[in-house]
Each structure stands twice: as structure tokens, then as C-alpha cells.
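Me: Could you take a close look at one part of this model with me, the place where two helices pack against each other? I'd like one connected walk-through, with a few other spots for context.

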Amino acid sequence: FKMSLRSVFSVSSIRRMSSITARAIVYNAHGEPKDTLKCHSYKIDLQNLQPNEVVVQTLAAPLNPSDINQIQGVYPSKPPLSIDSLPELKEPAAVTGNEGVFKVIAKGSNVGELETGDWCIPSGVNFGTWCTHRLTTDKNLLKMPKTISLNQAATIAVNPSSAYQMLTHFVKLQPGDWFIQNGANSQVGRAAIQIGHKLGYKSLNIVRNRDNLDELVKDLESIGATKVITEDESASKEFGATVKEWLEGKEIKLGLNCIGGPSASNLARKLGHDATILTYGAMSKKPLSLPTGNFIFKNLTAKGFWITGNIKRHPELRIETINAVLKFMEDGTLKEPKVNEPKVKLSTTTNESFLETVLAALEDSQKGKQLLKFE
């Protein structure tokens with residue numbers, strides 16, 4: 001990785017500064033983002049850092065559905081509303097955003113692993129990433145090598161990590177084994193296709209019907225999907241014979257469900273004996289309804305998956321997963337994520353423009369993944 005002259009200049013300029021003005025998107029009450037989000041500005045002293053303190057500049061931060069749920073107050077894990085979450089707060093608040101990548105711009109005397117200019121990501125959840133800069137300690141950060149892209153580093157901890165854990169932690173799949181998933185064009189779904197293909201697994205992928213279906217099928221096949229079907233085909237009893245032909249006598253051992261409702265029911269009917277279905281989302285907002293026969297006659301196991309909860313139960317998985325996904329990114333297994341990139345101009349942004357950019361990106365999140373880029 002070669003740092004540009006502009007980057008070198010900005011780092012050396014920061015070293016000469018006594019403080020910087022930082023901005024963060026915060027909320028002090030739960031509710032809809034448009035009603036509750038505010039932009040808070042504050043000063044960070046660069047000259048009198050404690051030995052283990054680090055000042056980072058945000059490079060990119062995604063807007064995940066879980067971030068919105070945290071703001072609404074309906075997500076199981078959420079940061080506390082605290083007067084101490086940022087300097088100069090006049091009332092308790094929380095900084096939004098769980099995921100992102102940063103650049104170190106200043107550090108205390110006892111910070112060893114991180115150097116100025118290094119990339120890093122939060123080591124845990126609820127860090128607060130929708131901000132221009134943060135003052136934190138080195139224990140809250142994980143160094144990221146610059147062998148992957150900025151967008152990959154910013155999104156490594158949630159979607160591809162979830163896909164990896166679901167494919168490897170619950171069922172011992174062998175090369176040639178099948179898994180099935182709905183929501184296959186989601187970020188988790190696309191990561192599961194690519195990781196599964198690399199590991200030698202075959203995938204049956206369910207997507208919504210759409211005008212550009214042929215284009216989508218070709219796209220998913222190009223990243224490793226074995227077969228792609230629509231929700232209508234998944235619901236069709238007649239189409240089940242085609243699926244059996246594809247399986248060539250094998251049974252599907254693992255199902256990944258992010259939709260619920262009839263989609264999950266139809267997915268479950270294709271699972272084999274002693275299979276496991278993992279539910280990690282409920283995009284349809286409908287209850288999970290699974291065929292009784294799958295439990296009685298096929299010994300189906302149904303579990304929920306939440307990466308935060310899974311890491312709490314198995315803390316060693318955090319680093320293990322990040323390292324595994326990192327290798328997949330470095331060797332080209334995991335392609336660049338498809339994202340929209342609303343820009344935050346550090347040199348000219350104001351509290352008002354920063355908030356407007358975030359709210360507009362949240363509005364556009366139904367159209368695709370949004371990744372704030374700080375320039």
C-alpha cells in the first residue's frame with residue numbers, strides 16, 4: 001500500500017495541530033431516525049493524550065439495518081445513553097453505528113501495535129462509527145492490514161462474518177454438500193455464496209422474482225451460486241422434482257433464513273434428514289412457520305443466529321472469524337461489496353450537512369447498501 005502525498009500531508013498537518021473539531025451522529029431518545037438523530041460537534045485534544053489513548057479518523061462506515069433498530073430501541077444490543085459517551089455533551093446520548101474502518105491520526109505513549117496511518121476497526125460492538133473522529137483506547141481497536149479494500153475493511157465484521165459463522169459453526173458440511181438460503185442477493189447471501197463455493201459447498205439460492213431476473217441469476221452464478229430459483233418456484237410442489245434432480249440423491253443439510261413467513265416454510269420443505277435451519281432475519285416481518293413433518297419425520301433442528309450473541313457465547317470466534325474472512329478477501333474469494341457511497345467532506349462538512357447526508361442515506365437504504373465515505 002502506497003500512501004499518497006495528500007495523505008502524508010494531512011497526517012503531518014494533524015501532528016502539528018493542538019486539537020481537531022469532530023462530529024458525531026447521536027440520539028438521546030429512541031425513535032425513528034428522522035425524529036431522533038442529531039449531530040454533535042466537539043473538540044479532541046491531540047497533544048495531551050493518555051498513554052493508551054488513540055485518536056482515529058473515520059474512513060468509511062456502513063448503515064446496517066441493526067443500526068436503525070438500535071436507534072428505534074428495538075434491538076437487543078444497544079449502547080447506553082450516557083453523558084460520558086462524547087466530550088461536551090449536555091445530555092445523555094449514544095453515538096450511532098456499529099461498523100466501520102478508521103485511520104489512526106494520533107496515539108499515546110504506550111500504544112504499541114497501532115501506528116499513525118494504520119487502519120483499524122472496532123474490537124467490539126456499540127462503538128459508535130457514524131462520526132468524523134473518535135478518541136478511544138487501543139483495546140477498543142483491531143488493526144486491519146491494507147491488503148484489502150477500504151470498503152471490505154469497513155464491512156468485514158457483520159455480513160461476511162455472519163455468513164462464515166453460519167456455514168462453518170453449526171453443521172459440518174463437506175465438499176459437495178448442499179445448503180439452501182433465501183434472500184440470496186442480500187449482502188449476507190452473496191457472502192455465503194462466495195465462501196461456500198470456496199469451501200466446495202453447493203448452494204440453492206432463492207430470490208424474489210423481478211424484471212431483471214436473468215441478469216441477477218447470471219450475476220449470482222458468476223460468484224459461485226450453484227442454482228438460483230425464485231420464491232414462486234420455491235413454493236411450487238411441481239418444481240420440487242427439478243430440485244431433486246439437481247441434488248442427485250443428496251440431501252440439503254443446512255438452511256439459512258432471513259425472511260420468515262411462507263419463504264421460510266418453503267425453504268424448510270427442501271431440507272433433508274437431520275438438517276439445521278438457521279434464522280438470522282425476518283425481512284417479511286411474518287412469524288416463522290415450519291412444517292411439522294420436518295420435525296417429526298426428518299428430525300429438523302431450528303436455531304436462531306445473531307453474530308453478537310454467538311460471539312458472546314464463543315468469544316474466540318471474533319478474531320478467528322475476522323482472520324478467516326480476511327483471507328477470503330485477500331485471495332479474491334470475496335469480491336468487492338456492492339454499495340452506494342454517500343460522501344462526507346471532512347474539510348467542508350457542518351453539523352447540518354453531516355446530518356442531512358446520513359438521513360438521506362437512510363432513506364436510500366431500501367435501494368441498496370449505504371456506505372458513508374469520509375473524504
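Reply: **Two packed helices and some loops**

H5 is mostly covered, with nine of its ten residues buried. Keep in mind as we go that this is a predicted model. The buried residues of H5 are Asn159, Pro160, Ser161, Ser162, Ala163, Tyr164, Gln165, Met166 and Leu167.

The partner to look at is H13. This helix runs over residues 317-330, 14 residues in total. From first C-alpha to last, H13 reaches 20 Å, close to the 20 Å expected at 1.5 Å a residue. In H13 the buried residues are Leu317, Arg318, Thr321, Ile322, Ala324, Val325, Leu326, Phe328 and Met329. An arginine and a threonine are in that list alongside residues such as Leu317 and Phe328.

What sits over those buried residues? The cover of H13 includes two strands, S6 (119-122) and S8 (141-144). It also includes the helices H4 (150-155), H5 (159-168), H6 (187-198) and H12 (307-313). Just after H13 comes Gly332, with a positive phi near 90 degrees.

Now for the packing itself. Two packed helices are described by the angle between their axes and the distance between the axes. For H5 and H13 the angle is about 105 degrees, and the axes are 9 Å apart. Since 65 to 115 degrees counts as roughly perpendicular, H5 and H13 are therefore roughly perpendicular to each other. On the H5 side, the contact is made by Pro160, Ser161, Tyr164 and Gln165. H13 brings Leu317, Thr321, Ile322, Ala324, Val325, Phe328 and Met329. Sorted by class, the contact has eight nonpolar residues, three polar ones and no charged ones.

An α-helix has 3.6 residues a turn, so residues three or four places apart point the same way. With that in mind, have a look at Pro160 and Tyr164, and at Ser161 and Gln165, on the H5 side of the contact. On H13, try Leu317, Thr321, Ala324 and Phe328.

Ser161 is a good residue to zoom in on. This serine is in helix H5, and its relative accessibility is 2%, so Ser161 counts as buried. Leaving aside neighbours within four places in sequence, Ser161 is in contact with Thr321, Ile322 and Val325, and also with Ile156 and Ile307. Thr321, Ile322 and Val325 are among the H13 residues that make the helix-helix contact.

Moving on from the pair, another buried polar residue is worth a look. Asn182 lies in the loop between strand S9 (178-181) and H6, and H6 is one of the elements covering H13. Asn182 has 0% relative accessibility, so this loop residue counts as buried. Not counting residues up to four places away in sequence, Asn182 touches Ile206, Glu231, Leu256, Asn257, Cys258, Ile259, Ser263, Ala264, Leu267 and Tyr280. Two of its links involve polar atoms. The side chains of Asn182 and Asn257 are joined by a polar contact of 3.0 Å, and a polar atom of the Asn182 side chain lies 2.9 Å from the backbone nitrogen of Cys258.

For a sense of scale, Asn182 and Ser41 have C-alpha atoms separated by 42 Å, with their positions 141 residues apart along the chain. Similarly, the C-alpha atoms of Ala324 and His30 are separated by 36 Å, and these two are 294 residues apart along the chain.

That brings us to the histidines. His30 is in the loop between strand S1 (19-27) and helix H2 (33-36); at 36% relative accessibility, it counts as partly exposed. The side chain of His30 reaches the backbone oxygen of Gln70 at 3.3 Å and the backbone oxygen of Ile71 at 3.3 Å. His40, in strand S2 (residues 38-45), is buried, with a relative accessible area of 13%. Its side chain reaches the backbone oxygen of Pro87 at 2.8 Å. His40 also touches Glu88, among others.

Glu88 has a backbone quirk of its own: a positive phi of about 70 degrees, although it is not a glycine. Glu88 lies in the loop between helix H3 (65-72) and strand S4 (94-95), and at 47% relative accessibility it counts as partly exposed. Lys285 is also a non-glycine with a positive phi, about 60 degrees. Lys285 lies in the loop between strand S13 (271-279) and helix H11 (292-298), and at 78% relative accessibility this lysine counts as exposed.

Methods
Residues numbered from 1 in each chain as written. Predicted model: local features only at pLDDT ≥ 70, side-chain atom pairs only at ≥ 80, totals over all residues. Heavy atoms only, no water. Helix = DSSP H or I, 4+ residues; strand = E, 2+ residues; numbered from the N terminus. Expected span 1.5 Å × (residues − 1). Buried < 20%, exposed > 50% of the residue type's maximum accessible area, 1.4 Å probe, protein only. Contact = heavy atoms within 4.5 Å. Axes fitted to C-alpha atoms, helices over the stretch in contact; angles between N-to-C directions. Parallel < 35°, antiparallel > 145°, perpendicular 65-115°, else oblique. Nonpolar A, V, L, I, M, F, W, Y, C, P; charged D, E, K, R; others polar. Polar contact = N/O pair within 3.5 Å; in protein donor to acceptor, adjacent residues only side chain to side chain.
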